[in-house]
Structure formats: C-alpha cells, structure tokens
Amino acid sequence: GSYLKDNAGEVLLGAPLAKKLGVGVGDTVSLSAVDKYSAENYIQAVVTGIYRFGYPPVDDNMVFTDLATAQQLLGMGNEATRLVIKLKPGVSEASGLASVRKAIAGGGLVAYSWREFAQAVVSATSADIEDNADVLRMRQALDLLLEGLRPVLLAFAAHIQTWAETP
C-alpha cells in the first residue's frame, strides 16, 4: 500500500483489523464516529495501506486517516484535537519537534514526540482493555448469581402457588 494523501478520504488499517473486516488495499470501508454533539456520523474511505506496529491493541483497533477526512467524520469543521505529523526524510525527530514547538508556542498547544504519543496511546488502550475486562468479569459474576438464584426463585414461586389460596 501507500501512505495517506491530503484530503483524499483514505485510511490505513492494522493488518489484523483488515483481515477481520475482509478488506485490503483499494477496498472501500464505512467509518462511523460520534461527534462532539453526540451525533453519529458515517463516511466511506478507501484503504490505501495496511500497517503492523506489533502491538495488538493498536493493530486490532486503530484506523489512521488524514486531517480533512477525520474532520469530516467527526463533524469538526476546521478544528482538531490532535495532529500526528510525519517528517520529511532526512529531518531528525529532535529538529522536527523543535520546529513544531516553536511554531505553536503561545497558542495553548502542546507537541509530543512519537515516543510520548505512543506511550499515551498504549496507556489509553490498556485502560480501555482493562475497562472491558472489568465489564466481562461483572457479567460473569451476574451470570453466576442468576444461576444460583434461579432455583431459589423457582422454589419460592412454587411455594407461592401452593399457598396462594390460603387465607
């Protein structure tokens, strides 16, 4: 595949996600997201690349797209909450980060290195996974509770029927 082009309505998918969806480079996928007003938006985008970072929570779940496509999907107009910048070949991370920090100085914005960003993504994804695991554990506990209560409730119902006509 290839990397994203500006304003092209393209996406990059993790290899496991692409396999799960049954799509490859050149296929069109439908994306949905909830915007800042809690409205669900839908767009279609073309898969232009498949990636593998080697970290399953990212490879299995994350979709990357260009700014204009993300803004359209999220109904954000000319706004953004986060930008990821790919540096030109030959530009070091340190000098690129320094240039970005200088350009945004005083604007209330913060620039992070890719390592800091990756660390934040891993932390957030790990928290989501832990939250989902908690929900599954609660569901299993409720299923066990229901399983244990069922015979008690059936016995109670039978007892009520037996004595229902007694004054």
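**Salt bridges, strand pairing and aromatic contacts in a predicted model**

Two salt bridges are found when the whole structure is searched. The structure is a predicted model, and the values reported here are computed from it. Side chains of opposite charge can pair when their charged atoms come close. One of the salt bridges joins Glu-10 to Lys-5, with 3.1 Å between the closest N and O atoms. The two partners differ in their surroundings: Glu-10 has a relative accessibility of 7% and therefore counts as buried, whereas Lys-5, at 48%, counts as partly exposed. A salt bridge is also formed by Glu-116 and Arg-101, whose closest N and O atoms are 3.7 Å apart. This pair links distant parts of the chain, since Glu-116 belongs to helix α5 (residues 114-163) and Arg-101 to helix α4, 15 residues apart. Glu-116 is partly exposed, with a relative accessibility of 34%, and Arg-101 is likewise partly exposed, at 39%.

Glu-10 also leads to the strands, as this residue is part of β1 (residues 10-14). Strand β1 is mostly covered, five of its five residues being buried. Glu-10, Leu-12 and Gly-14 point one way from the strand, while Val-11 and Leu-13 point the other way; residues on both sides are buried. Strand β1 pairs with β3 (residues 40-51) in the parallel sense, over five bridges. Within this pairing, Glu-10 stands opposite Val-46 in β3, and Gly-14 stands opposite Tyr-51 in β3. Strand β1 is also joined to β4 by three bridges, and these two strands run antiparallel. Here Leu-12 stands opposite Phe-64 in β4.

Strand β3 has a further partner in β2 (residues 28-34), to which seven bridges join it in the antiparallel sense. The two strands β2 and β3 form a hairpin with five residues between them. Ser-38, in the turn of this hairpin, has a positive phi of about 70°. Across the hairpin, Leu-31 stands opposite Ile-43 in β3. Ile-43 has a relative accessibility of 10%, so this residue counts as buried. The chain also brings Ile-43 and Gly-9 to a C-alpha separation of 8.7 Å, although their positions lie 34 residues apart along the chain in the sense of sequence distance.

Aromatic contacts were examined next. A pair of aromatic rings is described by the distance of the centres and the angle of the planes. The count comes to three aromatic pairs. In one of them, the rings of Tyr-51 and Phe-64 have centres 5.3 Å apart and planes at 70°; because planes over 60 degrees apart count as edge-to-face, the pair is placed in that class. Tyr-51 lies in strand β3 and Phe-64 in strand β4 (residues 63-65), so this contact ties together parts that are 13 residues apart in sequence. Tyr-51 counts as buried, at 11% relative accessibility, whereas Phe-64, at 23%, counts as partly exposed. Phe-64 also pairs with Phe-53: the ring centres are 6.1 Å apart and the planes stand at 80°, so this pair too is edge-to-face. Phe-53 lies in the loop between β3 and α2 (56-59) and Phe-64 in strand β4, so the pair ties together parts that are 11 residues apart in sequence. Phe-53 is exposed, with a relative accessible area of 56%. Through these ring pairs, Tyr-51, Phe-53 and Phe-64 are linked into a cluster.

On the surface, Leu-67, Leu-83, Ile-85, Leu-87 and Val-91 make a nonpolar patch of about 420 Å². Val-91 is found in the loop between α3 (67-74) and α4 (93-104). With a relative accessibility of 38%, Val-91 counts as partly exposed.

Helix α4, which follows this loop, was compared with its expected span. At 1.5 Å a residue, the 12 residues of α4 should span 16 Å, and the end C-alpha atoms are 16 Å apart, which agrees. After α4 comes Gly-106, whose phi is positive, near 80°. Arg-101, the partner of Glu-116 in the salt bridge described above, is located in this helix.

Terms used:
Residues numbered from 1 in each chain as written. Heavy atoms only, no water. Pairing = 2+ DSSP bridges. Helix = DSSP H or I, 4+ residues; strand = E, 2+ residues; numbered from the N terminus. Patch = residues over 30% accessible without salt bridge, like charges linked within 9 Å, V, L, I, M, F, W, Y side chains within 5 Å. Areas by Shrake-Rupley, 256 points an atom, 1.4 Å probe, with all protein chains shown as cover. Salt bridge = Lys/Arg side-chain N within 4 Å of Asp/Glu carboxyl O. Buried < 20%, exposed > 50% of the residue type's maximum accessible area, 1.4 Å probe, protein only. Phe/Tyr/Trp six-rings, centres within 6.5 Å; stacked < 30°, edge-to-face > 60°. Expected span 1.5 Å × (residues − 1).
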